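Please read the following report alongside the sequence and the coordinates. It moves from the overall fold to the surroundings of the ligands and then to local backbone features.

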Amino acid sequence: MAAQIMSKLWRFYLAHFSKTYVLNQLSRRAGECRQCGTCCVLGVPCPLLTRDKLCAVYGKCRPQVCRVFPIDQRDIDEVAAHGCRCGYYFPDEETREPRTWAPVSRPGGWAEGHSEETGL
Ligand code: SF4
Ligand code: SF4
């Protein structure tokens, strides 16, 4: 829990104060969001996550740090440690089996996908 909160703070720092690094990471990243919502519950569950596990501010004022998740392989590893698999991956760090899952169907806010503009 404490480690996940530290990771969350670190991502916040990167998203706001290390934009060049984040843009470089995003250019290396492949895959797509499965709209699983796992990144919304790492550490402390986000209060903006609805009971249906939808983002209440998606497409309106979703925080920048949410738009750029995952920034690093360790973010993806955190999702895995939470029992899920992020749809994104870093090809040069990829050691897993090829991904064969289908996108999670999410009516409502997440249906737009998690590919909103990063805001960077
Ligand atoms: S995407 Fe929305 S629900 Fe998820 S952490 Fe960000 S603000 Fe919260
Ligand atoms: S696939 Fe990854 S980025 Fe998309 S909601 Fe799930 S954990 Fe977050």
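The sections below describe a predicted model.

## Confidence and overall layout

The model is predicted, and the mean pLDDT of the protein is 84, with 78% of its residues reaching 70 or more. Confidence is not sustained along the whole chain, since pLDDT stays under 50 over residues 98-113, a stretch for which the model has 25 contacts beyond four places in sequence. Where pLDDT is low, the predicted coordinates should not be read in detail.

The protein contains four helices and two strands, and from the N terminus on these elements follow the order α-α-β-α-α-β. Of its 120 residues, 22% count as buried. Among contacts with a separation of 6 or more, 76% are accounted for by residues 24 or more positions apart.

## Surroundings of the two ligands

Ligand 1 is surrounded by Cys40, Cys46, Leu48, Leu49, Cys55, Val57, Arg62, Pro63 and Cys66. By residue class, this shell divides into eight nonpolar residues, no polar ones and one charged one.

Around ligand 2 there are 13 residues, of which Cys33, Arg34, Cys36, Cys39 and Cys86 come nearest. The shell of ligand 2 is made up of seven nonpolar, five polar and one charged residue.

## The nonpolar core and Phe69

The largest nonpolar core has 13 residues, and within it Val65, Val68 and Phe69 touch the most other members. Helix 3, which spans residues 64-67, and helix 4 each supply at least two residues of this core.

Leaving aside residues up to four places away in sequence, Phe69 touches Arg11, Cys39 and Asp75. Cys39 also belongs to the residues that come nearest to ligand 2, while Asp75 is one of the buried residues of helix 4. The peptide bond that leads from Phe69 to Pro70 is cis, with omega near 0°, and Pro70 itself is found in the loop between helix 3 and helix 4.

## Helix 4 and what covers it

Which residues of helix 4 are buried? In this helix, which covers residues 73-81, they are Asp75, Ile76, Glu78 and Val79. Because they cover an arc of only 155° around the axis, they lie on the same side of helix 4. This can be set beside the general geometry of an α-helix, which has 3.6 residues a turn, so residues three or four places apart point the same way. The cover over the buried residues of helix 4 includes helix 1 (2-17) and strand 2 (88-89).

Ala80 also lies in helix 4, but this residue counts as partly exposed because it has 13 C-beta neighbours inside 10 Å. The C-alpha atoms of Ala80 and Thr38 are 9.3 Å apart in space, although the two residues are 42 positions apart in sequence. Helix 4 is followed by Gly83, whose phi is positive, near 90°.

## Helix 1 and its distant partners in sequence

Leu9 is found in helix 1. Is Leu9 buried or exposed? With 12 other C-beta atoms within 10 Å, Leu9 is exposed. From C-alpha to C-alpha, Leu9 and Val65 are 9.7 Å apart, across a sequence separation of 56 residues; Val65 is one of the core residues that touch the most other members.

His16 likewise has its place in helix 1, and it counts as partly exposed because 13 C-beta neighbours lie inside 10 Å. His16 and Gln64 are 48 residues apart in sequence, and their C-alpha atoms are 7.9 Å apart in space.

## Positive phi values between strand 1 and helix 3

The loop between strand 1 (30-31) and helix 3 includes Gln35, and Lys53 lies in this loop too. Gln35 has a positive phi near 60° although it is a residue other than glycine. Lys53, which is not a glycine either, has a positive phi of about 65°.

How many C-beta neighbours inside 10 Å does Gln35 have? There are 22, and Gln35 therefore counts as buried. Lys53, by contrast, has 18 such neighbours and so counts as partly exposed, given that 20 or more are needed for a residue to be buried.

How values were computed. Residues are numbered from 1 along each chain as its sequence is written. Chains are lettered from A and ligands numbered from 1 in the order in which they are written. This is a predicted model: local features need pLDDT of at least 70, side-chain atom pairs count only at pLDDT 80 or more; totals for chains, interfaces and linings use all residues. A residue is near a molecule or strand if its C-beta atom, placed from the backbone, lies within 6 Å of it. Ala, Val, Leu, Ile, Met, Phe, Trp, Tyr, Cys and Pro count as nonpolar, Asp, Glu, Lys and Arg as charged, and the others, Gly among them, as polar. The arc is that of the directions from the helix axis to the C-beta atoms. Two residues are in contact if their C-beta atoms, placed from the backbone, lie within 7 Å. A nonpolar core is a set of buried Ala, Val, Leu, Ile, Met, Phe, Trp, Tyr and Cys residues joined through C-beta atoms within 7 Å. pLDDT is the predictor's confidence in each residue, from 0 to 100.
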